[in-house]
Amino acid sequence: MPQVCFGCNTQLYGGEHILCTVCRNDLPITDYNFLKENAVDRIFYGRIPVKKASSLLFFSQNGIVKQLLHHLKYKNQEQIGEFLGDWYGEILKEQGGLEDIDAIIPVPLHHKKLKKRGYNQVALFGERLSHYLNAPFLKSVLIKTANTKTLTKKNRFNRWQTTKELYKISDYESLKNKKVLLIDDVITTGATIEACGSALLKIEGLELYVATMAVVPKYS
């Protein structure tokens with residue numbers, strides 16, 4: 001079977017991977033970085049003390065990014081995470097701002113969902129970032145304790161009730177006084193990152209950074 005573009009479904013040619021040249025050039029890159037304040041930082045103001053946050057792409061309801069992430073999460077196309085991790089990793093290494101990161105930790109899936117899907121959609125993304133940032137990828141330190149529905153579909157009060165003990169840490173000692181990069185696929189309301197970050201920030205001296213594949217832009 002010929003390889004096709006996950007954006008427009010046309011056949012890929014020599015040198016093209018995951019996306020055709022046209023779709024890759026059409027991807028809405030944020031141009032945010034870990035050196036200057038950006039809109040992803042502002043999502044968490046007054047919620048949790050994130051040192052710095054950023055995202056590679058803008059997510060929209062009708063666009064290539066949504067198609068990419070849908071195939072990644074629900075169509076067993078785990079290699080898309082690797083593709084985005086290599087791309088973002090090269091950018092982050094070149095831009096700087098994360099040279100001192102001690103560990104990269106993914107937002108976890110509950111073990112039942114992980115068994116059903118077969119993989120965490122951000123695992124290969126994290127492993128490739130680990131390569132470029134020269135920091136270990138710790139996939140089992142943060143644990144999801146309940147198999148809940150997505151937090152973005154709940155109102156804020158119900159999200160707060162749900163997330164009180166939704167995430168726990170398996171090894172506090174190894175992360176004391178460390179700089180940790182928490183990664184996920186998409187930031188919408190920021191509720192999931194807030195919940196995971198709150199659990200991590202219980203660790204003495206931990207500094208929290210956030211990187212995601214995409215973010216839903218908020219327009220004033």
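This report describes the surroundings of helix H4, the nonpolar cores and several residues with notable backbone or side-chain geometry in a predicted model.

**Tyr88 and its partner in strand S1**

Tyr88 belongs to helix H4, which spans residues 79-95, and with a relative accessible area of 2% this tyrosine is buried, because that value is under the 20% cut-off. If residues up to four places away in sequence are set aside, Tyr88 touches Phe34, Ser54, Ser55, Leu56, Phe125, Leu129, Ala211 and Thr212. One of these neighbours, Ser55, also offers its backbone nitrogen, which the side chain of Tyr88 reaches at 3.5 Å. By contrast, Lys73 lies 15 residues from Tyr88 along the chain, and the C-alpha atoms of Tyr88 and Lys73 are separated by 18 Å.

Ser55 itself sits in strand S1, residues 50-58, and is buried as well, with a relative accessible area of 1%. Beyond its neighbours within four places in sequence, Ser55 is in contact with Thr30, Tyr32, Val40, Tyr88, Ile187, Thr212, Ala214 and Val215. Thr212 therefore appears among the contacts of Tyr88 and among those of Ser55, since each list, drawn up with heavy atoms within 4.5 Å, includes Thr212.

**How helices H3 and H4 pack**

Two packed helices are described by the angle between their axes and the distance between the axes. For helix H3, residues 64-74, and helix H4, the angle is about 130 degrees and the axes are 8 Å apart, and the two helices are therefore oblique to each other. On the H3 side the meeting residues are Leu68, Leu69, His71 and Leu72, while H4 contributes Ile80, Gly81 and Leu84. Sorted by class, this contact comprises five nonpolar residues, two polar residues and no charged ones.

**The nonpolar cores**

In soluble globular proteins, nonpolar side chains tend to be buried together. The largest nonpolar core in this model holds 39 residues, and those with the most contacts inside it are Leu19, Leu69, Leu84, Ile104, Leu181 and Ile183. At least two residues of this core come from each of S1, H3, H4, helix H6 (123-133), strand S5 (179-187) and strand S6 (207-215), and the largest share, six residues, is supplied by H4. Leu84, which takes part in the meeting of H3 and H4, touches Leu56, Leu57, Leu69, Phe125 and Met213 when residues up to four places away in sequence are not counted. Apart from this core lies another one, of 29 residues, which includes Phe44, Val141, Ala195 and Leu200.

**Helices H6 and H8**

Within H6, the buried residues include Ala123, Phe125, Gly126, Leu129, Ser130, Tyr132 and Leu133, and what covers the buried residues of this helix includes H4, strand S2 (103-106), S5 and S6. Two residues of H6, Phe125 and Leu129, are among the contacts of Tyr88. Helix H8, residues 191-200, is mostly covered, with nine of its ten residues buried; these are Ala191, Thr192, Ile193, Glu194, Ala195, Cys196, Gly197, Ala199 and Leu200. Ala195 and Leu200 also belong to the core of 29 residues.

**Residues with a positive phi**

Most residues other than glycine have a negative phi, and most peptide bonds are trans. The table lists residues of this model that take a positive value.

| Residue | Phi | Place |
|---|---|---|
| Asn9 | near 70 degrees | segment before helix H1 (21-26) |
| Ile18 | about 70 degrees | segment before H1 |
| Asn134 | about 55 degrees | just after H6 |

Asn9 is exposed, with a relative accessible area of 58%, whereas Ile18 is buried, with a relative accessible area of 3%.

**Asn33 in the loop between H1 and H2**

Asn33 is placed in the loop between H1 and helix H2 (39-43). Is Asn33 buried or exposed? With a relative accessible area of 17%, Asn33 counts as buried, because the value is under 20%. The side chain of Asn33 reaches the backbone nitrogen of Leu35 at 2.8 Å. Not counting residues up to four places away in sequence, Asn33 touches Asn38, Lys52, Ala53, Ser54 and Gln95. Ser54 is also one of the residues touched by Tyr88.

Methods
Residues numbered from 1 in each chain as written. Predicted model: local features only at pLDDT ≥ 70, side-chain atom pairs only at ≥ 80, totals over all residues. Heavy atoms only, no water. Helix = DSSP H or I, 4+ residues; strand = E, 2+ residues; numbered from the N terminus. Buried < 20%, exposed > 50% of the residue type's maximum accessible area, 1.4 Å probe, protein only. Polar contact = N/O pair within 3.5 Å; in protein donor to acceptor, adjacent residues only side chain to side chain. Axes fitted to C-alpha atoms, helices over the stretch in contact; angles between N-to-C directions. Parallel < 35°, antiparallel > 145°, perpendicular 65-115°, else oblique. Nonpolar A, V, L, I, M, F, W, Y, C, P; charged D, E, K, R; others polar. Core = buried A, V, L, I, M, F, W, Y, C linked by side-chain atoms within 4.5 Å.
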